[in-house]
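Got a minute to look over a structure? Here's a quick briefing to read alongside the picture.

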2 protein chains.
Amino acid sequence: MVTDWKSLATAKREAILQSIPPKWRIAKIPTAEEQKDVTGAYAQEFLSQKEIEITETDAVGIAEKVAAGQWSAVDVTEAFCHRASLAHQLLNCLHETFFDAALADAKALDAYYAEHKKTKGPLHGVPVSLKDQFHVKNVETTMGYVGWIGTFEGKKEDPRQGTYESELVRELRELGAVLYCKTSVPHTLMAGETVNNIIGYTWNPKDRFLCSGGSSGGEGALIGFRGSPLGLGTDIGGSIRIPAGFNGLFGIRPSAGRLPYEGMANSMDGQNSVLSVVGPLATTARSVKLMVQSLLSQSPWLYDPLVVEMPWRQEQEDDVWNTANSALGEFTFGVLKTDGVVNPQPPVARAVQMVVKAIEKAGHKVIPWESPDHHAGITTTLKTWTFDGGKDVHDAFALSGEPIAEQISMSYGNAPTDQKTASDIAANNVAQRQWKKKYLDAWNSTASATGTGNPIDAIICPLAPYPAARPKGYRWYAYTVWVNGLDYTSVVVPVTNADKNIDKYEPGYTPVSDHDKTAFEDYDAEIYDGAHVSVQLVGRRFQEEKMLALAEYVGQLLGK
Amino acid sequence: MVTDWKSLATAKREAILQSIPPKWRIAKIPTAEEQKDVTGAYAQEFLSQKEIEITETDAVGIAEKVAAGQWSAVDVTEAFCHRASLAHQLLNCLHETFFDAALADAKALDAYYAEHKKTKGPLHGVPVSLKDQFHVKNVETTMGYVGWIGTFEGKKEDPRQGTYESELVRELRELGAVLYCKTSVPHTLMAGETVNNIIGYTWNPKDRFLCSGGSSGGEGALIGFRGSPLGLGTDIGGSIRIPAGFNGLFGIRPSAGRLPYEGMANSMDGQNSVLSVVGPLATTARSVKLMVQSLLSQSPWLYDPLVVEMPWRQEQEDDVWNTANSALGEFTFGVLKTDGVVNPQPPVARAVQMVVKAIEKAGHKVIPWESPDHHAGITTTLKTWTFDGGKDVHDAFALSGEPIAEQISMSYGNAPTDQKTASDIAANNVAQRQWKKKYLDAWNSTASATGTGNPIDAIICPLAPYPAARPKGYRWYAYTVWVNGLDYTSVVVPVTNADKNIDKYEPGYTPVSDHDKTAFEDYDAEIYDGAHVSVQLVGRRFQEEKMLALAEYVGQLLGK
């Protein structure tokens, strides 16, 4: 029996909605015109005082309250299941819910705590949301593909279906985390917006005219709505940073090999020139750190062959705080205000300037950063996305015959093209390595410009030209992709919100390129008003400890 | 003007010989029949007492003597230039000599020492030989290709020719090392013997009927002859370990990303599924350690984008010695006696057994190691060598039209074949990762078999079925290649010498495969008599500190 993709998609969409307990359903979902911003006061209307308190506490705070016996894991879990249910109804951000399993796990954690008078691990009782690439037992993984419904990664009757768990999921359970939902992605994962034929389009909770970012867009929307305190996304071209930035969150893109990707679903699996990496998004920098530190405590290199044996290096974090808290110490940042092809829209330009000012005011130095061979490096990076001519993603679409979202066909067309050969790939790898070398040398060379004798500590830079994009408006990846090409560490720091009264292009602004013209014409101060605006702090490879501390420090300077 | 490859090769071969000062030339080179073993007493005949003392001191001892002002860098350098000259005449192990530059550098180091009363770095005055993949200013790099003569990696009129230096060369100079020669390789680097159309065939100094191994075969022969105390080779399938083992040396194959490969010539550059790695060979384990530790002191991750920020971890070395020196501590080793397809020839089987006995006698435990999916994993590893259908190496041969050695055509044929596509490569990468995961899990699972609650510390295993191979006899790579496929750390430990009186196949031995039959028929106790026999100790990924300490300890147990 052949089932058409529409029926499959509709059934799945309905099943997700039906998994939300009737008591938590919203009678009438307002339109964006009726309710642009569904965070804060709007969301609170549906929640008890206790639920509000719990869901508006960050992951570190939750872990502390549960560890102190003040909150039960069950109460915390239930509050987030409720708020996540609201989020999905308003934003289409969930692919899977498994609230009953979560409550059972929470109950077991409470029993453990009662018996042992201690927590199971540093994430004891903390709800953690997962991008829909993680395999969790008894839960489906579709990654937004209709053709993956009822299969294991598109394979029918695979024994792993419903039983297999990704390595990171195993570690989260060891750490005491409570897993309760999986979040939406753009099919293929290769877009800065989140759209697929199952859930439709994931909206930005702060501004429902705008996207939630992508590809970890469900995470961004859910955590932005406070339907989760802490979640895990992945990033091959900006997919953690874009949703973090668009939703006012902290998020880290670690270097490949720091955190375990083992056993996760993915696109173009086995393309190993530029690797997708896994990393957390959260409402505070310290919560992002909690996750990274907790995972490293599990020695993931013993379970994931691609993880490097590199435990959490406390001294690298301490170094940052020693400098931050010392009258003598001084950081130097490079700043990349524009990539020269698409200038940031006014709110983003203002956010970068705010960060520069705050850092300078605190006694540190900011120098311009000249990114060597910026666009050539990005070109070699983007090439890796289509080494296979799109075979992998088009095969996945062909399973159901579903149509391809425009946000995807912009990169992958509507049918596969020729594959690259081994020699093509090798040549691109060499070009990438040479670019990385040039970048290292340029970074080292700043030692003579900082005045401290040391090279810059990090680069301040936009993560996109937009505060958040309008549907089909996310078209310029250059601000995030260079970081993936270099495999550098980047942490997103929320800065401010768009303000229609001040964020305007200068009168007579002349776009510097066709792409810039598109961004310029796309900007609408009214629509963007109130949207989150963020920047990224980029450090060298494997600088997770340092960059997380710097992000937290810069967040403090900004009053976050 | 077209020059035929023979004239070019002959001119280069002559130029190498002519670069040896007349005073150091040997009047008549004996045949192998006349002088099978040219080490020890034979070599000493040509040297002064002081030269013998210097050249038979290990790198650590040399560094100490020079640092103490007992030996000058010039005296040390001259002694090794002399002995290396003898080595080349007897063994064909050099591609380049630059003795004058070396002596000038040594003189400058002596002046530095006289002025500052301290050394320039931990390798001050230590001669270091380099495989002919390193670029050194004013010195050619041919990698054994006739078509590379007078070019930069085959490219004519490239500005880097004669001026460029590899990153590791820069670091060696910073460390105070004296560079004086580059050593022979099989053209393409992809063989366990060393043969090319320039220098011909590199022989084993201990047994000139046998090969010196490959592809760092010039290093193996040179250091085995004591024409160098410490050298650097590379390894993508055994190319450090085979020459180390065949010449009675210690040598390490570190994990990819530990030591800097930046700016070196290579084959199939940009193939990034299984990477060639650089690592030292030396006469003692502590000298190998000296090099690794010295290089890491240079923060190579700031200069090579593929190097991981992982300084020397002294505590990992200390842990080994604490256990070794404690009555309570205990190591557990796995032992892989045969891969089931080609059984080790009798001297190798005996060496493995000697190591097991020595370890057990010292109070440690040895358990059998079942290598999961051993040959399937090796198959995916070997596939990476020909992803490009041999295009890279055949292009290099085509530059001059030179013929391809049989040891190479056995893997690459005589003409290129079809290239693998991006999808083929990705699928192979996934298969490799799954194998690595299976291996990790199997290693972890030994925790329940060791009796200590900890998994095994290392695997003892042959590095080849042969003590050393006869010309065209190196045909079985499985004992080394699995380590490259897994990216594990392996250190070669010399164990004993073949003995015609005891190393015999059991009467009525029945080969277990056609390959085993070849190895069986190849064995000749008379020819092999006296040859070095070694094993490798294999640790997990990035276990350089631990494995070097274990190798030194096992060497001590064996009386090395």
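The notes below cover symmetry, cysteines and cavities.

Keep in mind that this is a predicted model. Chain B lands on chain A after a rotation of 180°, and the count of disulfides over all chains is zero. A search of the whole structure also turns up seven cavities of 30 Å³ or more.

**How the two copies match up**
- Turn chain B by 180°, with 0.0 Å of shift along the axis, and it superposes on chain A with an RMSD of 0.0 Å.
- So the two copies are related as by a two-fold rotation axis.
- Both copies use the same surface, as 100% of the contact residues of chain B recur in chain A.
- Of the residues of chain B, Thr421(B) gets closest to the rotation axis, with its C-alpha at 2.3 Å.

**Cysteines without partners**
- A disulfide is a covalent bond between the sulfur atoms of two cysteines.
- Cys81(B) isn't in one: its nearest cysteine sulfur belongs to Cys181(B), 7.6 Å away.
- Cys81(B) is also buried, with a relative accessible area of 0%.
- For Cys461(B), the closest cysteine sulfur is in Cys211(B), and at 18 Å that's too far for a bond.
- Cys461(B) is buried too, with a relative accessible area of 0%.

**A look inside one cavity**
- The second largest cavity has a volume of about 70 Å³.
- Its lining includes Lys131(B), Asp235(B), Met190(B) and Ser276(B).
- Sort the lining residues of this second largest cavity by type and you get four nonpolar, six polar and two charged.

Definitions and conventions:
Residues numbered from 1 in each chain as written. Chains lettered and ligands numbered in written order. Predicted model: local features only at pLDDT ≥ 70, side-chain atom pairs only at ≥ 80, totals over all residues. Heavy atoms only, no water. Disulfide = S-S within 2.5 Å. Buried < 20%, exposed > 50% of the residue type's maximum accessible area, 1.4 Å probe, protein only. Least-squares fit on C-alpha atoms with pLDDT ≥ 70 in both. Contact = heavy atoms within 4.5 Å. 1 Å grid on protein atoms, 1.4 Å probe; cavity = no way out; pocket = protein on both sides within 12 Å on 5 of 7 lines; lining within 4 Å. Points joined across faces, edges and corners; volume = space filled by probe spheres on them. Nonpolar A, V, L, I, M, F, W, Y, C, P; charged D, E, K, R; others polar.
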